[in-house]
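Grab a coffee and work through the exercises below with the structure open beside you. Try each task before reading its solution.

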Amino acid sequence: MNRREVLIAAAALGAVAAAPGLLSFAHAAEPDKVAEAIAAVTGGKTAQQGRVTLTAPAIAENGAVVPVSVEVASPMTEGDYVKSITILADKNPQPRVISVNLTPDNGAAYLSVRMRLGETSPVRAYAVMSDGSVYAAEKSVKVTIGGCG
Amino acid sequence: MNVKTIIAALLAALPLAVPAWAEETQSISDADLALYREGINPAEVLRNTGGELFNKKMGPENLSCADCHEGQKPKAKALTGAAAAYPKHNKNADRVMSLQLQINNCVEKGIKAEPYKLNSAEITALTLYVKGLSNGMKVNVATNGPAQPWYEVGKQVYEQRRGQRNLSCKTCHDELAGHTLRMQKLASIGAGASHWPAYRMVNGDTFLIEQRFKQCMSNARMAPLKEGSDPMVALELYVTSLANGAAIETPGFVR
Amino acid sequence: MAETGKALIKLPAGYKKGDVIQAQTICIHPQDTGYGKDKEGKPIPAFHVTSVEVWYGEKKISDMEVHGAISKDPYISFKVRASHSAPLKVVWKDTKGNVFEQSAEIKV
């Protein structure tokens, strides 16, 4: 392949990549909207590190479908269980993604979803325990243009 | 300079939005890709719909596909494994038929109803269902005998440079295979046909392989061929023959 | 075609009484966020799932608050302890007040 052919092939892909984005989010959330969403979950309590494992791709090939799962270490007994798991995405116009209320009958504190990310953003998971304590984990997911091909 | 750096340099010079190109030469990792494939493929829901359609009585004689292809006294053979041989030459029609065309043939001649549009959700659903009856079996399309001229045409369509950018399928899928452009791993199609119809995350929808061809054609600025047209079916035969021997695994889940 | 509200629940094979198993669910839904625009530039109104309930027999074991940021055709997976034989019922509700239901049998 010569330079010209490579250029042509590259341009063919580029032209497509430059086409309208997957998500036409008007704008990202205001920072205080994120703070508000966090406060609504934690009730103002400071979240501790640990117990929460957040799995998400480092690079989201497609911001429209980002697989995210959350696992929280807990015995899930009547006396000690995870009451809720919440997923937030800072840069989405509405940072709240999903909240699940759990009971000991779940047997394990686990939530897995496919979610949207309008742009590169921290994704946060908050877990509220039955004793009221709050744990959190965070991971930055890079969203690239993708969308072509 | 290797080809990759040439591509990067040329792309950077293009009047296109290429934000942070240098960072983006990295494609998604296999571990990340595996995360995407966990969970339910939405196309499975469409396949279930295909199963319902297969059993739905239609037309003037109130017949379903199942009435002829299943049951105590079937009028035609069971379809387990049938899809593995498609596209396949049909003697009566004297042409190679894609599975979609064969299904429509049965709708028209067996059920005596209006055939489905070849880009409709109904034909995709039925194709998924019938192809699913061959899951785990090996692709086995004939490229000789009466199918041979179709195979030759398909190969030609695959290799022929067309359109504004003078590209062929072969340019991207063979000559440039291995390179990553804008998160796009250019890869040989290889046995890819074995996982179509497939759900595309990018579009959030399920497509037939001929629709995927059309998407590549329009991305590469080639005039798209029509679904079910002779050159399109020939191309499907050629690309599917590349998967001969590979296990059928549908629906696929691709980017 | 794959109509809004068509749903699927998948449970693993080969579990026994007391095992914690992973349930996977999907519900066909456009999940319009309310932030998108159509081809003519007109805003597409929000149309997405707002809540999901999980019932195990007569007992509600989980409920969820769902926003537009959950992808098209919502996929949600959770765990449940297979303590007895009963249907696992999942109920989706959306912004238009539609209610969709799907069940799978937990057999131990």
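C216(B) is partly exposed, with a relative accessible area of 30%. Keep in mind that this is a predicted model. That cysteine is a handy place to start.

**Exercise 1. Work out how many disulfides the structure holds, and why C216(B) and C65(B) are not in one.**

Step 1. Start with C216(B) and look for the closest cysteine sulfur. It belongs to C169(B), and the gap is 7.5 Å, too far for a bond.

Step 2. Now do the same for C65(B). The closest cysteine sulfur sits in C106(B), again at 7.5 Å and too far for a bond.

Step 3. Compare with the cut-off: a disulfide needs the two sulfur atoms within 2.5 Å. Neither C216(B) nor C65(B) has a partner in reach.

Step 4. Check the surroundings while you're there. C65(B) is buried at a relative accessible area of 13%, whereas C216(B) is partly exposed at 30%.

Step 5. Finish with the total: over all chains, the count is zero disulfides.

**Exercise 2. Decide whether helix 9 of chain B is mostly covered or mostly open, and find what follows it.**

Step 1. Go through residues 209–219 of chain B and count the buried ones. Eight of the 11 are buried, so the helix is mostly covered.

Step 2. Name them: I209(B), E210(B), Q211(B), R212(B), F213(B), Q215(B), M217(B) and N219(B).

Step 3. Step past the end of the helix. There you meet R221(B), which has a positive phi, near 60 degrees.

**Exercise 3. Find out which residues of helix 7 of chain B are buried and what covers them.**

Step 1. Get the dimensions. Helix 7 of chain B spans residues 148–159, 12 residues in total, and covers 17 Å from first to last C-alpha; that is close to the expected 16 Å.

Step 2. Pick out the buried residues: W150(B), G154(B), V157(B) and Y158(B).

Step 3. Look down the axis of helix 7 of chain B. The buried residues fall within an arc of 100 degrees, so they line one face of the helix.

Step 4. Turn to the other side of this helix, where P149(B) and Q156(B) are exposed.

Step 5. Ask what lies over the buried residues. The cover includes strand 2 (95–97), helix 8 (169–175) and helix 10 (230–241), which belong to chain B.

**Exercise 4. Trace the open sheet that is built from chains A and C.**

Step 1. Write down the strand order: 2(A)-4(A)-7(A)-5(C)-2(C)-1(C), six strands with antiparallel pairing.

Step 2. Find the edges. Strand 2 (52–55) of chain A and strand 1 (7–10) of chain C each pair on one side only.

Step 3. Check the twist: ignoring direction, neighbouring strands are turned by 15 degrees against each other on average.

Step 4. Zoom in where the chains meet in this order. Strand 7 (residues 109–115) of chain A pairs with strand 5 (residues 75–81) of chain C over three antiparallel bridges. Within that pairing, V113(A) has I76(C) as its bridge partner.

**Exercise 5. Follow the strand pairings from strand 5 of chain A to strand 3 of chain C.**

Step 1. Begin at strand 5 (residues 82–89) of chain A, where seven of eight residues are buried. Seven bridges tie this strand to strand 8 (residues 121–129) of chain A in the antiparallel sense, and A89(A) stands opposite V123(A).

Step 2. Move to strand 6 of chain A, which runs antiparallel to strand 5 of chain A and is joined to it by five bridges. The two form a hairpin with six residues between them, and S84(A) has N101(A) as its bridge partner.

Step 3. Cross to chain C. Strand 6 (residues 96–101) of chain A meets strand 4 (residues 59–66) of chain C through four antiparallel bridges, with I98(A) opposite V66(C).

Step 4. Go on to strand 3 (residues 49–56) of chain C, joined to strand 4 of chain C by six antiparallel bridges. Y56(C) stands opposite K59(C). This hairpin has two residues between its strands, and G57(C) in the turn shows a positive phi of about 65 degrees.

Step 5. Put chain C in context: its secondary structure comes to zero helices and seven strands, and 47% of its 108 residues count as buried.

Methods: Residues are numbered from 1 along each chain as its sequence is written. Chains are lettered from A and ligands numbered from 1 in the order in which they are written. This is a predicted model: local features need pLDDT of at least 70, side-chain atom pairs count only at pLDDT 80 or more; totals for chains, interfaces and linings use all residues. Side-chain values use heavy atoms; hydrogens and water are left out. Two strands pair if DSSP finds at least two bridges between them. Axes are lines fitted to C-alpha atoms, for helices over the stretch in contact, and angles run from 0 to 180 degrees between N-to-C directions. Buried means under 20% relative accessible area, exposed over 50%, partly exposed in between (1.4 Å probe, protein chains only). The expected span of a helix is 1.5 Å times one less than its number of residues. The arc is that of the directions from the helix axis to the C-beta atoms. Contact means heavy atoms within 4.5 Å.
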